[in-house]
Amino acid sequence: MNKKILSIAVLAAAYISSVYVISLQSEAMIKAEFSNQQKIANSNQSMTVSDIDYQRGLFTSDASFILTIEQDSDNVISVENKIAIQHGPVMITRQGLELALFNADSRLISNNISTITASNGMTEVVKLKLMDYFSGDFAISALTMGFTGRANYMLNIAPLKIEQPDNQFNFGGIVASGEGSFIQRHYAGSWQLGALNYSNSESSFDLQASAGEFDITNRDNFLNNNTVNIKFPQLAINFSGHTFIAKDAGIDVIQSYDDDNRISLKESFYINDIESSSPVPISAIGYAIEINNVDSKVFELWAQLAPEFQSAMQTDGQFDFESETVKAATRSILTSLLKKDLALNQELNLKVMDGDVSIEADVKFVGITDNIHPMDVKNPIDFLSAVDIDLILKSDNAVVMKTPVAGMVGMYIDQGFINKDGQNLVVDINIHNADMTINNKPFPLKEQLENYLQKQKKEPASPKKMAQ
């Protein structure tokens with residue numbers, strides 16, 4: 001019997017020792033993450049993370065911090081994140097029995113929602129609903145850290161419904177879940193956006209429940225490899241009897257960086273089916289914008305110099321562009337931004353009048369002659385040689401024939417300004433080394449601009465001429 005008691009005592013001591021060691025590991029990892037979140041938030045001039053606290057226990061610990069978002073002195077949101085931590089190796093979590101390093105359950109509570117609602121002219125019904133919503137656990141999350149560094153997590157933002165005699169609002173909440181590496185700061189999973197509805201006597205907004213996926217790896221504040229998307233089955237807007245319906249829509253965002261700490265970002269938006277009670281000729285749209293090879297120092301400088309730009313805002317709300325402070329800050333940012341191979345690419349695709357129309361515009365910065373800073377350029381013509389531009393406009397011939405310019409198409413084809421490629425009409429514009437071609441034929445853009453500038457110097461446009 002004594003041997004059994006001794007064995008149990010040894011096992012209990014070993015377990016408690018393991019829990020103690022795990023509690024130390026958990027504290028170190030969570031504090032490191034707090035520090036990282038504080039660094040990221042504080043790099044944004046409108047956000048701060050403060051009052052970080054960690055109370056370690058043997059089997060459980062408690063932690064908290066306050067996130068403050070300040071747009072201006074009259075619009076300050078303060079949210080406290082309270083975290084209950086269980087130490088492994090054995091825990092009972094919301095997901096059931098778990099064998100893991102630790103589990104952290106977080107609750108977000110607003111500390112000043114009553115102050116915000118008091119100053120925004122809301123009705124009493126809305127005030128009470130918002131105070132009840134944000135003062136409770138409106139957002140909860142859970143993270144379970146495995147022994148190998150892999151983590152499972154979930155986020156749940158509660159639904160909100162507000163009913164008034166003249167209008168109604170309903171938000172279905174947000175649920176996100178996935179897994180990743182806490183140590184490598186990699187997170188992947190899916191998220192669902194509940195239905196979002198608003199209606200009053202004159203209008204209504206109805207977004208059906210939507211879903212998306214994400215894959216995020218954070219290296220530091222700005223160097224991230226992120227892929228995020230969301231798909232919207234249907235959005236319906238009704239205003240004064242007019243209806244607009246967008247079906248099968250979505251947003252995709254991709255961010256990446258290379259070995260030289262240059263960031264590339266691509267965002268795309270599409271609606272594959274558009275219906276409207278008004279005579280709108282567009283039945284589908286797709287738009288993508290891509291910025292490549294941006295030096296990460298640009299974002300760091302922007303975060304550092306944002307207060308300088310803010311200080312140049314005049315009392316009348318106008319920006320003082322002549323401020324020496326603004327000039328110095330702008331010079332620093334342009335120095336980091338405008339480097340060779342910086343590129344901006346855009347693409348617009350439309351389904352118009354039963355035909356396809358597209359515009360592709362690619363701009364690449366190749367450098368200003370003699371490495372002159374953009375703010376020191378005397379002749380605007382010099383900017384032409386600093387960029388390579390490719391612009392392609394393409395349209396179904398049937399679409400153009402339904403427009404007011406239909407009668408001039410033949411003339412432009414004869415002059416070489418439009419090419420006919422099967423059923424498509426194409427305009428291909430290229431600018432390289434300040435030389436311009438349209439459909440591979442030279443066009444004297446540089447000469448025309450120089451003549452225009454010379455004319456402006458000799459005969460500046462008067463207010464009367466400009467009015468004419």
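Biologist: Why is Asp341 called partly exposed?

Modeller: In this predicted model, Asp341 has a relative accessible area of 33%. Buried means under 20% and exposed means over 50%, with partly exposed in between, so Asp341 counts as partly exposed.

Biologist: And what makes Lys364 partly exposed?

Modeller: The same kind of check works here. Lys364 has a relative accessible area of 37%, and partly exposed covers values between 20% and 50%, so that label fits Lys364.

Biologist: How do you know that Lys364 forms a salt bridge with Asp341?

Modeller: Their closest N and O atoms are 3.5 Å apart. A salt bridge needs a Lys or Arg side-chain nitrogen within 4 Å of a carboxyl oxygen of Asp or Glu, so the pair qualifies.

Biologist: Where in the chain do Lys364 and Asp341 lie?

Modeller: Lys364 is in strand β21 (residues 355–365), while Asp341 is in the loop between α5 (324–337) and β20 (343–352). The two are 23 residues apart, and the pair links distant parts of the chain.

Biologist: What makes Glu179 and Arg150 a salt bridge?

Modeller: Their N to O distance is 3.6 Å, and the cut-off is within 4 Å, so this pair counts too. Glu179 sits in strand β11 (residues 174–181) and Arg150 in strand β8 (residues 150–157).

Biologist: Nice! How many salt bridges does the structure hold?

Modeller: There are 10. Another one of them joins Asp137 and Arg107, with the closest N and O atoms 3.0 Å apart.

Technical notes. Residues are numbered from 1 along each chain as its sequence is written. This is a predicted model: local features need pLDDT of at least 70, side-chain atom pairs count only at pLDDT 80 or more; totals for chains, interfaces and linings use all residues. Side-chain values use heavy atoms; hydrogens and water are left out. Helices (H or I, at least four residues) and strands (E, at least two) are DSSP runs, numbered from the N terminus. Buried means under 20% relative accessible area, exposed over 50%, partly exposed in between (1.4 Å probe, protein chains only).
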